[in-house]
Amino acid sequence: MALSMRPFHANHANYEDRQDDPLSKVLQPPPDESPDERARREQQQREATRVSLEIDEGIQEARKMYERRKKAVKILLLGQAESGKSTTLKNFQLAFTPAHFRNERLAWRTIIQLNLIRSLKTLLEIIQDEMESPTWTPPPPPPIPLSEKARGKLPAGAPVPTSSPANGGGKKAATRSIRFSTQPPNDAPLTDVHRRARLRLLPLLSIEGEMTRQLFPELAAGLNPLPDVSLGTSTPPSLPGVKEVCVRAGNGWKTVLASLQAQGEKGKGKGNQNGPIDELTTSLSGCKDDMIALWEDQAVRAVLRRRSVRLQDMPGFFLNDIARVASLQYEPSDDDIVRARLRTLGVEEHRFTMETGAAGSEWYIYDVGGSRSNRPHWIPYFDDVQAIIFLAPLAFNLMLEEDSRVNRLEDSISLWREICGNKLLEGATLILFFNKMDILQATLASGIRVQKYVPSYAEQPNDVLHVVKYFRDKFRGYHKRLSPKPRPFYCHETSVVDTRATAVILVGVKEGILRAHLQSVNVI
Ligand SMILES: Nc1nc2c(ncn2[C@@H]2O[C@H](COP(=O)(O)OP(=O)(O)OP(=O)(O)O)[C@@H](O)[C@H]2O)c(=O)[nH]1
Ligand SMILES: [Mg+2]
């Protein structure tokens, strides 16, 4: 298009000399052109010139972008789903582009509220399951104090929590802000009070479902949007249901959130209607006391213990922060944003112009979806990255969410082997993060033995020091054996939800990558 317009503009000066050029001939004004026709033709020529210049500028801009990208440092974050890639990215943003990070606070508020409801949903499902289990029989209602009966304050048959100092007395216990169970933790049964609290909280789940549908329509339909194949080779497809808030590559969800927010503002302008975002906040706030009571309840805790469920290790866990997150004035802290869970799908490119450190330098960080169906989408990014940060939580006792037959650590190791041996990546620096060290620590402290899951670990001490050393040696061995060319092995133990400790590690990582990059382009 730009080419065909050139004769009007850039080559106009030698127009007369081009009488033999067939294109010029076609473009010659007709000999009997009227003044009106001439004016129209000249107007068209001016318009064509303007468009042509615009296209030229666009090409220039694209060329500059390309050059900038070629010179920039490019990092790929890899690892299985839930390994902490997006959380590491947020740490990068917080450390090196804090202003940009904090600009997105409002968008994260909704995601965190949805995270909270997700954990609540799991809790309610467990409570329901417990109550429906054949061994559960509703305990007889505790005796109603005669004085209460006589005053006729309670409906017939209503269960009345026991009056005790622990729950603030019988009268107070009938309100929502009670502690439901007062018996010793291990014998406390679930009662009708729990069932009713659960029923009161159920509407929150519908609101969450509706919100998720609006934010991520294709996911809410329960479809797996990407084919399920491993890195390079095909495996039988599996369609895991979407169980949490997801984000497609790109920043689409932030735009949708902004428009939902605007919808709310418009509603307010008209003096009545709340938008969906305000509705979510108001509903959460209305359910706050019930949520706190249920989560802090001894009988509920006993059920979780019996079933060995540690909700606090699940992604996007905010049940310990209900009072804050479910308040009307909630504003996420930096830590909240870092801990928020938003599953990545596909590959997201994030451009950084450093605000601190090597200020002004350009970095591109690619954050990828880590579940098996996402992995084929990583490959196009392999031939142009300087460094890979590979996240491998030492989750020796957990299975993949998308395939409950596959051990997470085993999956991480086979992925690491593929990355180490990949020819396209032979020039890239590989940096290994043993992430979620806090969870490893808690797992080992709870008495779970590595040997049970990894028989070759044998009788070595079941502590962090030995476990880390054992697996570091394994990862180092594959790195050495499979790398097409020798390269240094870097390994860090991280808990990337700890932003302060992570910032220190990232500064070192950033400097190392920058040095290697400058060396490769012969600047130093
Ligand atoms: N306790 C703890 N939680 C972590 C750590 N790193 C990440 N998380 C949490 O784990 C969850 C998953 O982290 P993400 O960063 O979203 O994982 P991801 O690798 O991007 O996952 P995909 O996008 O599905 O590939 C989030 O809720 C994080 O807050 C850690 O070191 N310790
Ligand atoms: Mg992610």
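**Close-up views of a predicted model**

**View 1. Helix 19 has a buried set of residues.** In helix 19, Val-467, Phe-471, Phe-475 and His-479 are buried. These four lie on the same side of helix 19, because they cover an arc of only 95° around its axis. The other side of helix 19 carries exposed residues. They are Leu-465, Lys-469, Asp-473, Gly-477, Lys-480 and Arg-481. The model shown here, as in every view, is predicted. Several elements help to cover the buried residues of helix 19. Among them are helix 16 (408-421), helix 17 (437-445) and helix 18 (450-453). Strand 7 (429-434) and strand 8 (490-493) also belong to this cover.

**View 2. The length of helix 19 can be checked from end to end.** Helix 19 runs over residues 464-482, which makes 19 residues. At 1.5 Å a residue, helix 19 should span 27 Å. The C-alpha atoms at its ends are 27 Å apart, so the expected span and the model agree.

**View 3. The whole chain is divided into three named domains.** Domain 1 covers 2-65. Domain 2 is made of two stretches, 73-104 and 340-520. Domain 3 covers 111-337. How far apart are the C-alpha centres of domain 1 and domain 2? They lie 54 Å apart. The protein contains 20 helices and 8 strands. Of its 524 residues, 30% count as buried. Take the contacts between residues at least 6 apart in sequence: 74% of them join residues at least 24 apart.

**View 4. The largest nonpolar core holds 87 residues.** Which residues have the most contacts inside this core? They are Ile-75, Leu-77, Ile-388, Ile-389, Phe-390, Ile-419 and Ile-431. Helix 6 (residues 105-132) gives the most to the core, with 10 residues. Domain 2 and domain 3 each supply at least three residues to this core. In soluble globular proteins, nonpolar side chains tend to be buried together.

**View 5. Phe-390 is shown with its contacts.** Neighbours within four places in sequence are left aside here. Phe-390 is then in contact with Leu-78 and Gly-79. Its contacts also include Trp-416 and Ile-419. Leu-430, Ile-431, Leu-432 and Phe-433 are in contact with Phe-390 too. Phe-390 is itself one of the residues with the most contacts inside the largest nonpolar core.

**View 6. Four residues in a row share a UniProt annotation.** An unreviewed UniProt entry annotates Asn-435, Lys-436, Met-437 and Asp-438 as "binding site". Asn-435 lies in the loop between strand 7 and helix 17. Is Asn-435 buried or exposed? Asn-435 is buried, because 29 other C-beta atoms lie within 10 Å and 20 or more are enough to count as buried. Leaving out residues up to four places away in sequence, Asn-435 touches Ser-83, Gly-84, Leu-391, Ala-392, Pro-393, Thr-494 and Val-496. Asp-438 lies in helix 17. Asp-438 is partly exposed, with 14 other C-beta atoms within 10 Å.

**View 7. Lys-436 sits in the loop between strand 7 and helix 17.** Lys-436 counts as buried, because it has 25 C-beta neighbours inside 10 Å. Residues up to four places away in sequence are again not counted as contacts. Lys-436 then touches Gly-84, Pro-393, Ala-395 and Ser-495. Pro-461 is 25 residues from Lys-436 along the chain. The C-alpha atoms of these two residues are separated by 20 Å.

**View 8. Thr-344 also has a "binding site" annotation.** This annotation comes from an unreviewed UniProt entry. Where is Thr-344 found? Thr-344 is in strand 3 (residues 343-345). Thr-344 is buried, with 21 other C-beta atoms within 10 Å.

**View 9. Two residues other than glycine have a positive phi.** Glu-82 has a phi of about 70° although it is not a glycine. Glu-82 is found in the loop between strand 1 (73-79) and helix 4 (85-96). Glu-82 is buried, with 24 other C-beta atoms within 10 Å. Ala-458 has a positive phi near 55°, and Ala-458 is not a glycine either. Ala-458 is found in the loop between helix 18 and helix 19. Ala-458 is exposed, because 9 other C-beta atoms lie within 10 Å and 12 or fewer count as exposed.

Terms used. Residues numbered from 1 in each chain as written. Chains lettered and ligands numbered in written order. Predicted model: local features only at pLDDT ≥ 70, side-chain atom pairs only at ≥ 80, totals over all residues. Domains from an automatic or database assignment. Core = buried A, V, L, I, M, F, W, Y, C linked by C-beta atoms within 7 Å. Contact = placed C-beta atoms within 7 Å. Expected span 1.5 Å × (residues − 1). Arc of directions from axis to C-beta. UniProt positions renumbered as here; feature names shortened; annotations may be inferred.
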